[in-house]
Amino acid sequence: MTIETKIKTYETGFTMIELIALVVILYVLGATTISRFIDFSNAGQGDEIKNIASALTSMASLNHANNIAYDAGLSNVAPVEIVNCQSVAVLLDVDLHKEYRIEVGQGVTIEHNGVDSEGGSSSCFIAFDTNSDGAFDLNDEPRESFMAYGVRN
């Protein structure tokens with residue numbers, strides 16, 4: 001038996017370095033594809049609800065400030081009429097997805113100097129319709145509150 005024959009018999013298996021490289025490659029592939037099987041939609045919806053509620057509060061505040069300026073003759077731009085919590089959504093540049101519901105929340109009520117009166121305010125809720133029943137339920141999560149201000153033209 002020659003030396004070349006002995007070397008060839010030892011090269012038939014994997015070396016430790018090759019096995020480690022294979023394990024690392026499989027680990028990286030597994031780590032990058034596992035996120036496709038995990039549902040992150042609830043976390044994303046919670047952040048989205050907070051962002052929408054913040055935008056609704058900001059837009060309602062700006063519209064209210066514009067109404068004050070318009071009534072004082074300091075602005076030529078007529079404000080958007082806001083008569084209930086749901087009408088605040090028209091201030092957004094885009095339509096809300098059908099799964100989002102806006103409802104009256106807690107605080108100053110609509111009936112007693114609330115959004116239905118000029119300058120009145122109310123705390124409102126926006127929620128994701130979790131059970132897809134087309135209605136606002138207190139169990140719909142995620143849910144976030146925002147402020148609405150009444151504007152009459």
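Where is the place of L96? Select L96 and the loop between helix 3 and strand 1 comes up, since that is where L96 lies. Before going further, some conventions apply.

This is a predicted model, in which local features need pLDDT of at least 70 and side-chain atom pairs count only at pLDDT 80 or more, while totals for chains, interfaces and linings use all residues. Residues are numbered from 1 along each chain as its sequence is written, and side-chain values use heavy atoms, with hydrogens and water left out.

**Whole chain**

Show the protein as a cartoon: 3 helices and 3 strands are present. Helices (H or I, at least four residues) and strands (E, at least two) are DSSP runs, numbered from the N terminus. Along the sequence the pattern reads α-α-α-β-β-β.

Switch to a surface. The accessible surface of the protein is about 10500 Å², and 60% of it belongs to carbon and sulfur atoms. Accessible areas come from the Shrake-Rupley method with a 1.4 Å probe; for residues, only the protein chains shown count as cover. Of the 153 residues in the protein, 29% are buried. Buried means under 20% relative accessible area, exposed over 50%, and partly exposed in between (1.4 Å probe, protein chains only).

Among the contacts in the protein with a separation of 6 or more, 57% are between residues 24 or more positions apart. Contact means heavy atoms within 4.5 Å.

**Stop 1: helix 2**

Select residues 16-33, which make up helix 2, and pick out M16. M16 counts as exposed because its relative accessibility is 60%. Now extend the selection to F14, M16, L19, I20, L22, V24, I25, L26, Y27, V28 and L29: these form a nonpolar patch on the surface, with about 1200 Å² of accessible area together. Patches are made of residues with over 30% relative accessible area and no salt bridge; like charges are joined within 9 Å, nonpolar side chains (Val, Leu, Ile, Met, Phe, Trp, Tyr) within 5 Å. A salt bridge is a side-chain nitrogen of Lys or Arg within 4 Å of a carboxyl oxygen of Asp or Glu.

**Stop 2: the sheet**

Select the strands. They form an open sheet of 3 strands in the order 1-2-3, with antiparallel pairing. Strand 1 (100-104) and strand 3 (143-149) each have a single partner strand, so one side of each is left without a neighbour in the sheet. Neighbouring strands of this sheet are turned by 30° against each other on average, direction ignored. Axes are lines fitted to C-alpha atoms, for helices over the stretch in contact, and angles run from 0 to 180 degrees between N-to-C directions.

Two strands pair if DSSP finds at least two bridges between them. Strand 1 and strand 2 run antiparallel and are joined by 5 bridges; in this pairing, E103 stands opposite F125 of strand 2. Strand 2 (residues 121-128) pairs with strand 3 in the antiparallel sense over 7 bridges. To trace that second pairing, label S121 with its bridge partner Y149 in strand 3, then I126 with E144.

How many residues of strand 2 are buried? The count is 8 of its 8 residues. In a regular strand the side chains alternate between the two faces of the sheet. Display the side chains of strand 2: S121, S123, F125 and A127 point one way, S122, C124, I126 and F128 the other way, and all are buried.

**Stop 3: helix 3**

Move to helix 3 (residues 41-71) and select N63. Is N63 buried or exposed? N63 is buried, with a relative accessible area of 7%. Leaving aside neighbours within four places in sequence, N63 is in contact with P79, V80, I82, L91 and V151.

T57 is also in helix 3, and counts as partly exposed at 23% relative accessibility. Outside its neighbours within four places in sequence, T57 is in contact with F146 and M147. Draw a C-alpha distance from T57 to S145: the two are 88 residues apart in sequence and 8.9 Å apart in space.

**Stop 4: the loop between helix 3 and strand 1**

Return to L96, which is partly exposed with a relative accessible area of 26%. Not counting residues up to four places away in sequence, L96 touches I52, A89, I102 and I126. The C-alpha atoms of L96 and I52 are separated by 9.0 Å, with their positions 44 residues apart along the chain.

Finish at N84, in this loop between helix 3 and strand 1. N84 is partly exposed, at 28% relative accessible area. From N84 to E103 the C-alpha distance is 8.9 Å, and the two are 19 residues apart in sequence.
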